[in-house]
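Subject: A structure for you to look through

Hi there,

Here is the structure I promised to pass on to you. Have it open while you read, and I will walk you through what turned up.

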Amino acid sequence: MNKRFFTAVLVMTSAIMASSVFSQNFPGFSKTKTGLYYKIYKTSNDTVTPRTGNYVIFDMLYHGKSHGKDSVFYNTKRQDRPAPVKFILPPPDFKGDLNEGIVMLSKGDSGVFLVRADSLFFKTFKMRQIPKGIDSNEYFHFHVHLLSFQTIESLIADEQTQIKKYVEDHNITVKPTELGLYIIETSVGTGTKIDSGCQVRMNYKISLLDGTEIFSSFDRPRPMNFEYGRPVDTRGFQLGISTLRQGSKARFIVPSALAFGMNGNGSLVAPYQPIIYDVDIIDVKTKAEYEKEQLETKKAAQRIADSLKIVEPIQREKYLKDNKITVKPLPSGLYYIPTLVGKGPKAEPGKIVKVQYTGKLLDGRIFDSSVKRKKPFEFMIGRGQVIKGWDEGISMMREGGKATLIIPSNIGYMDRDMGVIPPYSTLVFEVELLEVK
């Protein structure tokens, strides 16, 4: 069975199934020579079954006992994006594994297969230990409904048929490249040509030939940015982009050899399946242009930071005066103003403290608050897990105490731009020390 697939789905849901308890002999089940217990439900007279190396598509649900309760571990029809299992069937991982069961089914058939927990987790999932609550001797029940299967040869032939039909149906007259890539420029760009090192800002969408959407940046708040020349997406995408300019809009029809190839892309793109890109090139900057722009942006940011550094002490002094704060700063610059003296243990280095706080800028704007989140913040004193002003200020408190900490930028975030906190900002924290442990 596909190991990556099973590793990804090894997340339990807590749904409980009402199933009967099987005896040790599993009444109603047959057993293969390799030890696989099975029960087949035929729906047709078809006797053709898949072989190792075929591309199989099936719905599946599997369940087993965890902590004494029968729980569903995976159900293809109950996912965020319900989709059947799709992969190229590998040889069995061990005697009596699920792959042996799949080759017993014809198209449309269903079956229930029992696999021991120790073999499943150690040999298929390649886990070092069985999850807690699962008995290694327990059998997991796999309910499989085979939807279809194909040989690799038929997949390859289908791809060529799909591309030919799509080209004919959409009256596409452009010729493919030597590698089979169709580049259809619907709006010719006149700006900078995309070349190695260029910074490209664009939107794009990936879909199947039948219109099924796989991904789209058009729905996102901001376009995608990337440096052309570095690996991004598929080879077909890279080759198509290299022909465009700023302002271009285009559609690429990409054969599987330039897309996801024989492996496909999970349940989204099948092996040997062609895909389509719709791209809109918004902006292109050469490497030199981009580096110049970055330098100018950096200089502008530095000018702003320098002005903020000059203004910070002036704004702080005004804040102290306006709020009639007369306490003297500590040598570090911290203003520590106790508002309620705690009577519990002292917050000493190495101890874990639980704190409620509200952080404000000098103009009164709240930038963060554990009080609003209703979730206290925990950290260890003296380990650099918080800004220096916090380590120093909280260490002066006792459990149950409250205080106001006025923290200059030199023991705060210094020249860093924290988004809501500009560089060189003096911060005001109202803190309550809930617990010391």
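Let's start with a question: is E312 buried or exposed? Please keep in mind that this is a predicted model. With a relative accessible area of 6%, E312 is buried, because buried means under 20% relative accessible area.

E312 does not sit there without a partner: its side chain meets that of R316 in a salt bridge, at 3.3 Å from N to O. You can find both residues in helix α6 (residues 287-322), where they are four residues apart, about one turn of the helix. R316 counts as buried too, at 15% relative accessibility.

As a bit of background, side chains of opposite charge can pair when their charged atoms come close. A search of the whole structure finds 16 salt bridges, so there are others to look at.

One of them joins E378 and K354, whose closest N and O atoms are 3.8 Å apart. E378 belongs to strand β17 (residues 377-380) and K354 to strand β15 (residues 352-361), so this pair ties together parts that are 24 residues apart in sequence. Here the surroundings are partly open: E378 counts as partly exposed at 37% relative accessibility, and K354 counts as partly exposed at 23%. The pair also belongs to a network of salt bridges that links K354, E378, E435 and K437. Another salt bridge to find is the one between the side chains of R365 and D363, at 2.7 Å from N to O.

Now turn to strand β3 (residues 55-66), which is where you will find H63. At 3% relative accessibility, H63 counts as buried. Its side chain is joined to that of D70 by a polar contact of 3.0 Å.

Next comes the nonpolar part of the story. In soluble globular proteins, nonpolar side chains tend to be buried together. Which residues touch the most other members of the largest nonpolar core? They are F58, M60, Y62, F121, F140, F142 and V144, out of 26 residues in that core. The elements that give two or more residues to this core are strands β3, β4 (69-75), β5 (85-88), β6 (110-116) and β7 (139-150), along with helices α2 (98-102) and α3 (117-124).

If you want a place to begin, try finding E312 and R316 in helix α6, and then move on to H63 in strand β3.

Enjoy exploring!

Best wishes

Conventions:
Residues are numbered from 1 along each chain as its sequence is written. This is a predicted model: local features need pLDDT of at least 70, side-chain atom pairs count only at pLDDT 80 or more; totals for chains, interfaces and linings use all residues. Side-chain values use heavy atoms; hydrogens and water are left out. Buried means under 20% relative accessible area, exposed over 50%, partly exposed in between (1.4 Å probe, protein chains only). A polar contact is a pair of N or O atoms within 3.5 Å; within protein, one must be able to donate a hydrogen and the other to accept it, and residues adjacent in sequence count only if both atoms are side-chain atoms. A nonpolar core is a set of buried Ala, Val, Leu, Ile, Met, Phe, Trp, Tyr and Cys residues joined through side-chain atoms within 4.5 Å. A salt bridge is a side-chain nitrogen of Lys or Arg within 4 Å of a carboxyl oxygen of Asp or Glu.
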